[in-house]
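Work through the following exercises with the sequence and the coordinates at hand. Each task is followed by a solution that proceeds step by step.

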Amino acid sequence: MTAVGDHVGATPTAGPPTPATSAELDAYFDQGPPVKRRSMGAIAMVATLGGLLFGYDTGVIAGALPFMTDSAAGGGLGLTPVTEGLVTSSLLFGAAFGALYGGRLSDRYGRRHNILMLAVIFFVGAIGAALAPNVAVMIVARIVLGLAVGGASATVPVYLAEIAPKELRGRLVAVDQLMICTGQLLAYSVNAVLANVWDGHSTWRWMLFACSIPAIALWIGMHRMPETARWFAGRFRFAEAAQVLTSTRRPDYDVKGELGEMLTVAQESAITREGGWADLRTPWIKRLVLIGVGIAVLQQLTGVNTLMYYAPTILTETGLGTNTALTATIANGVVSVLASAVGLWLVGRFRRRQLLLVGQVGIIASLTAITLTFGLLIQPSLAAGTTPAVSSSYTVLAFMLCFLVFQQGAVSPVTWVMLSEIFPMTMRGFGMGLAVFLMWIANAIISFSFPVLISTFGGTGTFGVFACINVGTALFTWKLVPETAHLTLEELEEEFRHASA
């Protein structure tokens, strides 16, 4: 048993861990001054500003690009198709590495510390993009924003999962998904308002500058939030962990028992460093990391970001007018927010794995319906040289929105919740970072390949491919993904460890 007041780098006693006695646990809670209680709702609201920034920065570029293609004399950057692609994709590139290294940094310095650092990076990136005098500076600023987006996607869900009691963990992490969708909708709305109200050459600069405001709010808010008890426990700082638990749990909550679980897992794991690649030599950890990576990558293989990034392109392919197709982008944002709000409720009532399977089946049905609509109603008209019926376009739009209901209401929230739960204490940040890194790589590959697919194979072939991929995704979930809803993070780790023994 570690002594009261152990600090970072302390080495646990050798041999198997022994349960902490009541007196030993009391000693941790007796240290330090009384703490102010903090509301889980307030913690979630502040931390998920990182998710809001994630959503805003991935959505705002759609409205800014048309203005940025103007010449420098007209207030733009004179973007060509090539530089337009570079400006758009540079954020995805930055996000991939932001997730990978952000996870490692959150293991080393703490979840709260990482989010504070990300708030500064969001602010610097937003100001840099808004003031960019040329394409090169814009690309660099977008990479910086991507580092923050990726870091937030890897850190915020882990922070929420670690700080929440088990009965609130699913809903609290799902708030982040809701805020991501809210950020995208906010970006679409700000773009529309500025485009219609601010009739000036620098409209796009104000669109990008707006991101700096929630970044400031995140930085200020996180200074008042605690570090997670589990990060403290992972560094054998049990007195500080006890203080955080006291401040974030109900008065009648068994905080002593929760701290005892953390203490036992920390001793059993013998944490003296951050987790990393060497841990993958342990079979049960390797299995969990592979499952986590699978969950993350397959969430992108649903094709969700093809609908979020290319909705106007898809609807234009059906014969819909440009203005109507652009309006559908707002519809995507609204439905995503509403579905995420429903997902927040669902993830607190149903088992994770069950909800994930239902969402995947709904996505397969929606993609199949889009495929059939293109194949039976739209592409025959296009082949004959006639404009498809407007009803066909709205049929595709309706099934796209059905897709988003299942994606944002089930698959996306469960994905982020399970990724925040499944990795062991030794490498939660590293595992999350690796999974989200590969998620962003998959996002980039799909985003780059989608225009080629739809121009080569049309809507029938493209969405048919995605439907088949999602059949494989559902089989992966059914065969390999474990249930995580019913236990604390420490109990889950013990279950995974001993299941592979």
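**Exercise 1. Determine how many disulfides a search of the whole structure finds, and classify C402 and C468 as buried, partly exposed or exposed.**

Solution. The model is a predicted one, and a search through the whole of it finds 0 disulfides. The criterion behind that count is a pair of cysteine sulfur atoms within 2.5 Å. For the second part, C402 has a relative accessible area of 34%, and therefore counts as partly exposed, since that class lies between the 20% limit for buried and the 50% limit for exposed. C468, at 56% relative accessibility, counts as exposed.

**Exercise 2. Describe the protein as a whole in terms of its helices and strands, its buried residues, its contacts and its accessible surface.**

Solution. Begin with secondary structure, where the protein has 20 helices and 0 strands. Next, take burial: of the 501 residues, 57% count as buried. Then turn to contacts between residues at least 6 apart in sequence, among which 83% join residues at least 24 apart. Finally, the accessible surface of the protein comes to about 19,300 Å², and carbon and sulfur atoms account for 68% of that area.

**Exercise 3. Locate L367, decide whether this residue is buried or exposed, and list what L367 touches beyond four places in sequence.**

Solution. L367 sits in helix α17, which spans residues 352–383. Its relative accessibility is 2%, so L367 counts as buried, the limit for that class being under 20%. Leaving aside residues up to four places away in sequence, L367 touches T302, F403, F463, F466, A467 and N470. As a last step, consider a separation along the chain: G303 is 64 residues from L367, while the C-alpha atoms of these two residues are separated by 9.3 Å.

**Exercise 4. For T248, establish the helix, the accessibility class, the polar contacts of the side chain and the residues touched beyond four places in sequence.**

Solution. T248 belongs to helix α12, given as residues 238–248, and the numbering shows that T248 is the residue at which this range ends. With a relative accessible area of 6%, T248 is buried. Turning to polar atoms, one in the side chain of T248 lies 2.8 Å from the backbone oxygen of V244, and the side chain of T248 also makes a polar contact with the side chain of R249, at 3.2 Å. When residues up to four places away in sequence are not counted, T248 touches R38, M40, I43, I163 and P226.

Technical notes. Residues numbered from 1 in each chain as written. Predicted model: local features only at pLDDT ≥ 70, side-chain atom pairs only at ≥ 80, totals over all residues. Heavy atoms only, no water. Helix = DSSP H or I, 4+ residues; strand = E, 2+ residues; numbered from the N terminus. Buried < 20%, exposed > 50% of the residue type's maximum accessible area, 1.4 Å probe, protein only. Contact = heavy atoms within 4.5 Å. Areas by Shrake-Rupley, 256 points an atom, 1.4 Å probe, with all protein chains shown as cover. Polar contact = N/O pair within 3.5 Å; in protein donor to acceptor, adjacent residues only side chain to side chain.
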